[in-house]
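Dear colleague,

I am handing over the structure that we talked about, and below it you will find my notes on what turned up in it. Please read them with the model open beside you.

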Amino acid sequence: MGRIKILENIKRNKPAVVGLPEIPGFNREEKVVGLFIKNASVSGTRCFSDGQSLNEIIQRDFTTAKNIFAPDFPEIGHLSVTEKTDIGILKNIDLAIFRSPLGVAENGAIWLTEEISHHRIVPFITQHLLVVLSPENIVPTMHEAYENLPVAETGFGVFVAGPSKTADIEQSLVVGAQGARSLGILITT
């Protein structure tokens, strides 16, 4: 068969054009906080309730944390970090505490930007990461999350779901291999 004949056969046998499926909206009345906690827990995240204070959580669960970076909570953190801070200082952060503007219920992920973390490597180089998230900022799906993200306003942003982990071919799981050894989320107003 010649090239022309093949192209003519293709033109004659095109399937009917079908529109893209409509992505359904999700009812905001769903129990997104409960779903967020469930899915975050599956990924290895520890979720803390509104009844606990940051100080209580730190004293109970992060007793060995000496170098704490908490830009939104100056009464807790004592380290100062900027985008120009030397990596040698950053590698000594035991606990980083940030306020996230967005959480996603379907996968238990939180959104962090360079502006929030003051240096894009901090959420990954810290030993432990603790995030404060308002229940009003939890959306049901990634679709809705991307609709709410001001992507053009940030140079760097990342969804984080659970502590860093990896498994080799022998299925040996290592937590904290390429990032924070633990992720905790305090859901509070």
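The residues that line the largest pocket divide into seven nonpolar, four polar and three charged, where Ala, Val, Leu, Ile, Met, Phe, Trp, Tyr, Cys and Pro count as nonpolar, Asp, Glu, Lys and Arg as charged, and the others, Gly among them, as polar. Before going further, please note that this is a predicted model, in which local features need pLDDT of at least 70 and side-chain atom pairs count only at pLDDT 80 or more, while totals for chains, interfaces and linings use all residues. Residues are numbered from 1 along each chain as its sequence is written, and side-chain values use heavy atoms, with hydrogens and water left out.

To stay with the pocket, its volume is about 220 Å³, and its lining consists of 14 residues, of which Thr113, Glu115, Pro150, Glu153 and Thr154 lie nearest the centre. Two elements, strand 5 (109-113) and helix 5 (114-117), give two or more residues each to this lining, and helix 5 gives the most, with three residues. A pocket here is an open set of points on a 1 Å grid over the protein atoms alone, where a 1.4 Å probe fits, with protein on both sides within 12 Å along at least five of seven lines, and lining residues have an atom within 4 Å of a point. Grid points are joined across faces, edges and corners, and the volume is the space filled by probe spheres set on the points. Helices (H or I, at least four residues) and strands (E, at least two) are DSSP runs, numbered from the N terminus.

Turning to charged pairs, a search of the whole structure finds three salt bridges, each being a side-chain nitrogen of Lys or Arg within 4 Å of a carboxyl oxygen of Asp or Glu. Arg46 pairs with Asp61, their closest N and O atoms being 3.1 Å apart, and this pair links distant parts of the chain, since Arg46 is in strand 1 (residues 46-48) and Asp61 is in helix 3 (residues 54-61), 15 residues apart. Asp61 also meets Arg60 in a salt bridge, at 2.7 Å from N to O, and Arg46, Arg60 and Asp61 are thereby linked in a network of salt bridges. With a relative accessible area of 42%, Arg46 is partly exposed, a class that lies between buried (under 20%) and exposed (over 50%), with a 1.4 Å probe and protein chains only. Asp61, at 23%, is partly exposed, and Arg60 counts as partly exposed at 47%.

The remaining salt bridge joins Glu114 to Arg120, with the closest N and O atoms 3.2 Å apart; Glu114 is partly exposed at 23%, and Arg120 is partly exposed at 38%. In the loop between helix 5 and helix 6 (122-125) you will find His118, whose phi is near 70 degrees, a positive value in a residue other than glycine. His118 is partly exposed, with a relative accessible area of 31%.

On the surface, Ile6, Leu7 and Ile10 make a nonpolar patch of about 250 Å². Such patches are made of residues with over 30% relative accessible area and no salt bridge, with nonpolar side chains (Val, Leu, Ile, Met, Phe, Trp, Tyr) joined within 5 Å and like charges within 9 Å. Leu7 belongs to helix 1 (residues 3-12), and its relative accessibility of 40% makes it partly exposed.

Finally, two loop residues are worth a look. Pro163, in the loop between strand 8 (157-160) and strand 9 (165-167), is buried at 8% relative accessible area. Phe62, in the loop between helix 3 and strand 2 (68-69), is buried, with 8% relative accessibility.

With best wishes

Definitions and conventions
Areas by Shrake-Rupley, 256 points an atom, 1.4 Å probe, with all protein chains shown as cover.
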